[in-house]
Amino acid sequence: MENVLRKSLLLLASALLAFMVASLFLQVIAREFNWAVDWTEETGRFSFITMVFIAAAYGTLTRSHLSVSVFSDWISSKVGNRPIAFFHTIMVLGFAAVMVVFSALNFTDGLRYPNISPALEFNQNILFAVMCAGFVMIFLLHLRDLFTLLRGGSFDE
């Protein structure tokens, strides 16, 4: 199951990156020929925003996100890796939960008070649903890590 999720997230993030690059490349070409393709800026931006949250979930799943661990390495040398991993997991769970709640609230507010893009006439607040989905995945992955720690297991960070 985890392998399917990993491959799906990687494929989706890669496709969004390719779409963004193609869209922005078309925009550069269109400027040279004075073509009216205003929508390319918006599709590039929307695909970038979506890709960020999909890639964040992928980074969480593969534990390949950037971390500055000087302080936590120093503390873990004193108290061990397990308490630090537990503390880190609890903190990220709390942050992800807050982000899920507020992105869901922004999404529902955006449905009542839409922010329409000029070229595509797309409600830009729908992007909060992508943010919410990304943080739900991050929350669930860290919840899995918490259960692993509570059962006495460990994971590499």
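## Helices, salt bridges and aromatic pairs

With a relative accessibility of 34%, Glu-41 counts as partly exposed (buried means under 20% relative accessible area, exposed over 50%, and partly exposed in between, using a 1.4 Å probe and protein chains only). Its partner Arg-45, at 30%, is also partly exposed. This is a predicted model: local features need pLDDT of at least 70, and side-chain atom pairs count only at pLDDT 80 or more, while totals for chains, interfaces and linings use all residues. Residues are numbered from 1 along each chain as its sequence is written, and side-chain values use heavy atoms, with hydrogens and water left out.

### Salt bridges

Glu-41 and Arg-45 meet through their side chains in a salt bridge (a side-chain nitrogen of Lys or Arg within 4 Å of a carboxyl oxygen of Asp or Glu). How many salt bridges does the structure hold? There are 5, and the table lists some of them.

| Pair | N to O distance |
|---|---|
| Glu-41 and Arg-45 | 3.1 Å |
| Arg-112 and Asp-109 | 2.3 Å |
| Arg-144 and Glu-2 | 2.8 Å |

Arg-144 sits in helix 5 and Glu-2 in helix 1 (residues 2-33), so their salt bridge ties together parts that are 142 residues apart in sequence. (Helices, H or I with at least four residues, are DSSP runs numbered from the N terminus.) Both ends of this bridge are partly exposed: Arg-144 has a relative accessible area of 25%, and Glu-2 has 44%.

The other two tabulated bridges stay inside one helix each. Glu-41 and Arg-45 are both in helix 2, 4 residues apart, which is about one turn of the helix. Arg-112 and Asp-109 both belong to helix 4 and are 3 residues apart, again about one turn. The spacing makes sense, because an α-helix has 3.6 residues a turn, so residues three or four places apart point the same way. Arg-112 is exposed, at 55% relative accessible area, whereas Asp-109 is partly exposed at 33%. Elsewhere, salt bridges that share partners link Glu-2, Arg-63, Arg-144 and Asp-145 into one network.

### Aromatic pairs

Now for the rings. Searching the whole structure gives 5 aromatic pairs (rings of Phe, Tyr and Trp, with its six-membered ring, pair if their centres lie within 6.5 Å; planes under 30 degrees apart count as stacked, over 60 as edge-to-face, and the rest as tilted). One of them joins Phe-46 and Phe-122: the ring centres are 5.1 Å apart and the planes meet at 45°, so this pair is tilted. Phe-46 belongs to helix 2 (residues 39-62) and Phe-122 to the loop between helix 4 (81-112) and helix 5 (127-150), so the pair ties together parts that are 76 residues apart in sequence. Is each ring's residue buried or partly exposed? Phe-46 is buried, at 8% relative accessibility, while Phe-122 is partly exposed, with 26%.

Phe-53, Phe-95 and Phe-135 make up one aromatic cluster. Phe-135 is placed in helix 5 and is buried at 11% relative accessibility. Beyond neighbours within four places in sequence, Phe-135 is in contact with Phe-53, Phe-95, Ala-96, Met-99 and Val-100 (contact means heavy atoms within 4.5 Å). By comparison, the C-alpha atoms of Phe-135 and Leu-120, 15 residues apart along the chain, are separated by 26 Å.

### Helix 5 from inside to surface

Helix 5 has 24 residues and spans 35 Å from its first C-alpha to its last, close to the 34 Å expected at 1.5 Å a residue (1.5 Å times one less than the number of residues). Its buried residues include Leu-127, Met-131, Phe-135, Ile-138, Leu-141 and Leu-146, along with the polar-side-chain positions His-142 and Asp-145. Helix 2 and helix 4 are among the elements that cover the buried residues of helix 5.

Near the end of the helix, two sequence neighbours contrast. Phe-147, in helix 5, is partly exposed at 45%, whereas Thr-148, also in helix 5, is buried at 19%. Leaving aside neighbours within four places in sequence, Thr-148 is in contact with Gly-153, Ser-154 and Phe-155. Just after helix 5, Gly-152 takes a positive phi of about 95°.

How values were computed: Helices (H or I, at least four residues) and strands (E, at least two) are DSSP runs, numbered from the N terminus.
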